[in-house]
Amino acid sequence: MSRRRQERVTELIHQEISKRIPLLKDPGIGFVTILAVRLSPDFTQAKVFYSVLGNAEDRERTQNALDRARPFLRSELRTLENLKYPPELTFVLDTSAEEVQQIFNVLSQLEKERQGIPPDRRTPH
C-alpha cells in the first residue's frame, strides 16, 4: 500500500475515533483525548494513543471502557476508505504530559533552590 494512503487512513481513523468516543454511552469513559494513531503498514493493527483527565482510578475505568467499546469502534471504521477489514484497535494510555509536568516541577524546584528561595511545600516531589 502507498505511504500516502496509509497516512490518509491513519488520519481518518484518528478523526473517526475522536468523534465516536464522546457518543459512547459507557459511564466508565472519562474525559478522553485521542492524541495519535499509529497504523501498521499492512493496515491490520492500529495503536490509538490517548490521554484522560483524572486520577489512576479514572484512567483504569476509561481503559476498561475503551476495551469494551473496541468492537463497536472497529465496526464503525468499515466505512472509511473502503476498509474491508478494519484494523484491530489497541488503546494505549499516553502519560507523557504528566511526565513533562513532573520534570517541570523538579526543574522549577531546582531553580528556586539555586536562587535561595525556600521550597514550596505544595509541590509534590
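**End of helix 3.** I began at the residue after helix 3 in this predicted model, and found that helix 3 is followed by Gly 116, whose phi is positive, near 85°. Turning to the helix itself, I noted 19 residues and a reach of 27 Å from the first C-alpha to the last, close to the 27 Å expected at 1.5 Å a residue.

**Helix 2.** I then looked up helix 2, residues 56-76, where the 21 residues reach 29 Å between the first and last C-alpha, close to the 30 Å expected at 1.5 Å a residue. At the N-terminal end I found Asn 55 acting as a cap, with a side-chain oxygen 3.1 Å from the backbone nitrogen of Glu 57. Further along helix 2 I recorded a kink of about 50° at Arg 70, shortly before the proline Pro 71.

For burial in helix 2, I listed Arg 59, Thr 62, Gln 63, Ala 65, Leu 66, Ala 69 and Leu 73 as buried. I reminded myself that an α-helix has 3.6 residues a turn, so residues three or four places apart point the same way. The buried residues of helix 2 pack against helix 1 (3-20), helix 3 (96-114), and the three strands numbered 1 (32-39), 2 (45-52) and 3 (88-93).

**Arg 59.** Is Arg 59 buried or exposed? I entered Arg 59 as buried because its relative accessible area is 18%, which falls under the 20% cut-off. Setting aside residues up to four places away in sequence, I found that Arg 59 touches Tyr 50, Val 52, Gly 54, Leu 93 and Glu 98.

**Strand pairing.** I next checked how the strands are arranged, and found strand 1 and strand 2 running antiparallel, joined by 7 bridges, with Ala 46 in strand 2 as the bridge partner of Leu 39. The hairpin of these two strands has 5 residues between them, and there I noted that Phe 43 takes a positive phi near 65°. Strand 2 also pairs with strand 3, in the parallel sense, over 6 bridges, and in strand 3 the bridge partner of Tyr 50 is Leu 93.

**Faces of strand 2.** Which side chains of strand 2 point to the buried face? I found an alternation in which Ala 46, Val 48, Tyr 50 and Val 52 point to one face and are buried, whereas Gln 45, Lys 47, Phe 49 and Ser 51 point to the other and are not.

**Aromatic pair.** I searched the whole structure for aromatic pairs and obtained 1. The partners are Tyr 50 and Phe 91, in an edge-to-face arrangement with 6.5 Å centre to centre and 75° between the planes. The pair links distant parts of the chain, since Tyr 50 belongs to strand 2 and Phe 91 to strand 3, 41 residues apart. I also recorded that both Tyr 50 and Phe 91 are buried.

**Leu 35.** My last entry concerns Leu 35, which lies in strand 1. Why does Leu 35 count as partly exposed? Its relative accessibility is 41%, and I therefore placed Leu 35 between the 20% limit for buried and the 50% limit for exposed. Leaving out neighbours within four places in sequence, I found Leu 35 in contact with His 14, Phe 49, Tyr 50, Ser 51 and Asp 94. For Leu 35 and Asp 94 I noted a C-alpha to C-alpha distance of 8.1 Å, although 59 residues separate them in sequence.

Conventions
Residues numbered from 1 in each chain as written. Predicted model: local features only at pLDDT ≥ 70, side-chain atom pairs only at ≥ 80, totals over all residues. Heavy atoms only, no water. Helix = DSSP H or I, 4+ residues; strand = E, 2+ residues; numbered from the N terminus. Expected span 1.5 Å × (residues − 1). Bend = angle between axes of the 7 residues up to and from the residue. Buried < 20%, exposed > 50% of the residue type's maximum accessible area, 1.4 Å probe, protein only. Contact = heavy atoms within 4.5 Å. Polar contact = N/O pair within 3.5 Å; in protein donor to acceptor, adjacent residues only side chain to side chain. Phe/Tyr/Trp six-rings, centres within 6.5 Å; stacked < 30°, edge-to-face > 60°. Pairing = 2+ DSSP bridges.
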